[in-house]
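The following paragraphs offer a guided reading of a protein model. The reader is invited to keep the sequence and the structure in view throughout.

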Amino acid sequence: MLDHFRLGHAALVGISMGGYWAVRAAGREPRIHRVVAWPPVYDWLYRLPRVARGPVRAMVRHRGFMRWSVRTRARLFPTLRVVVDQVLYMLNSDDPADVAEWFLGMNARHLGSGRVNQDVLLMVGENDAFQPPALAREQERALVAARSVTTRVFTRAEHAGQHCQMGNLGLACAVLTTWLQAADTGSTETSPA
């Protein structure tokens, strides 16, 4: 895309799971000079206690069990059904076990946060059940080479504490644009005017 539009530099904003892919791209493309993860994923297993991560990785290798598990959960939770259907579409697959593998493929090692040397904005809702603040905290710690890292946690009181700040997109967009403009001027201001 950068080549197509002949861009020498650009800011990249990744929304929802796109936050993962935006950070990954920034670590590999020097023409991305600013990156926003709205919110960051970092590694799906970091939602779980450390002792559960190994067993979950092992469980995913049992494809028959994973097919049953994903199908059952998708029937019980309509929102999950939409996510499963979307991932199957993206993978051109009809095997629900592929969904679990795809999600676990989005992990800290694959992400390569240590390669990111740009300005980074992490936006997360304090009550986001899909991409919770724990993932944002881990992502923030992993950005060891970033020029700057700003983390903005949106709250329930702001009506923006949910996933992707549903309930107050105006505030989220104001924070985003203010951060981008501040980065252009070298300011550290991140609050909307």
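In this predicted model, a suitable starting point is the pair formed by helix H2, residues 50-60, and helix H5, whose axes come within 10 Å and cross at roughly 140°. Angles over 145 degrees would count as roughly antiparallel; H2 and H5 are therefore oblique to each other. The crossing in which H2 passes H5 is left-handed. Where the two helices meet, H2 contributes Val-56, Arg-57 and Val-60, while H5 contributes Ala-100, Glu-101 and Leu-104.

Helix H5, which comprises residues 96-105, also leads to helix H4, for the buried residues of H4 pack against H5 as well as against helix H3, residues 63-76. Which residues of H4 are buried? They are Val-84, Val-87 and Leu-88. These residues lie on the same side of H4, because they cover an arc of only 100° around the axis. The other side of H4 presents a contrast: Thr-79, Val-82 and Tyr-89 are exposed there.

The length of H4 may be considered next. The helix runs over residues 78-91, and its 14 residues should span 20 Å at 1.5 Å a residue. The C-alpha atoms at its ends are 20 Å apart, so the expected span and the model agree. Just after H4 comes Asn-92, which takes a positive phi of about 55°.

Taken together, H5 serves as a link in this description: residues of H2 meet residues of H5, and the buried residues of H4 pack against H5 and H3.

Terms used. Residues are numbered from 1 along each chain as its sequence is written. This is a predicted model: local features need pLDDT of at least 70, side-chain atom pairs count only at pLDDT 80 or more; totals for chains, interfaces and linings use all residues. Side-chain values use heavy atoms; hydrogens and water are left out. Helices (H or I, at least four residues) and strands (E, at least two) are DSSP runs, numbered from the N terminus. The expected span of a helix is 1.5 Å times one less than its number of residues. Buried means under 20% relative accessible area, exposed over 50%, partly exposed in between (1.4 Å probe, protein chains only). The arc is that of the directions from the helix axis to the C-beta atoms. Contact means heavy atoms within 4.5 Å. Axes are lines fitted to C-alpha atoms, for helices over the stretch in contact, and angles run from 0 to 180 degrees between N-to-C directions. Angles under 35 degrees count as roughly parallel, over 145 as roughly antiparallel, 65 to 115 as roughly perpendicular and the rest as oblique. A crossing is left-handed if the near helix is turned anticlockwise from the far one by less than a right angle, and right-handed if clockwise.
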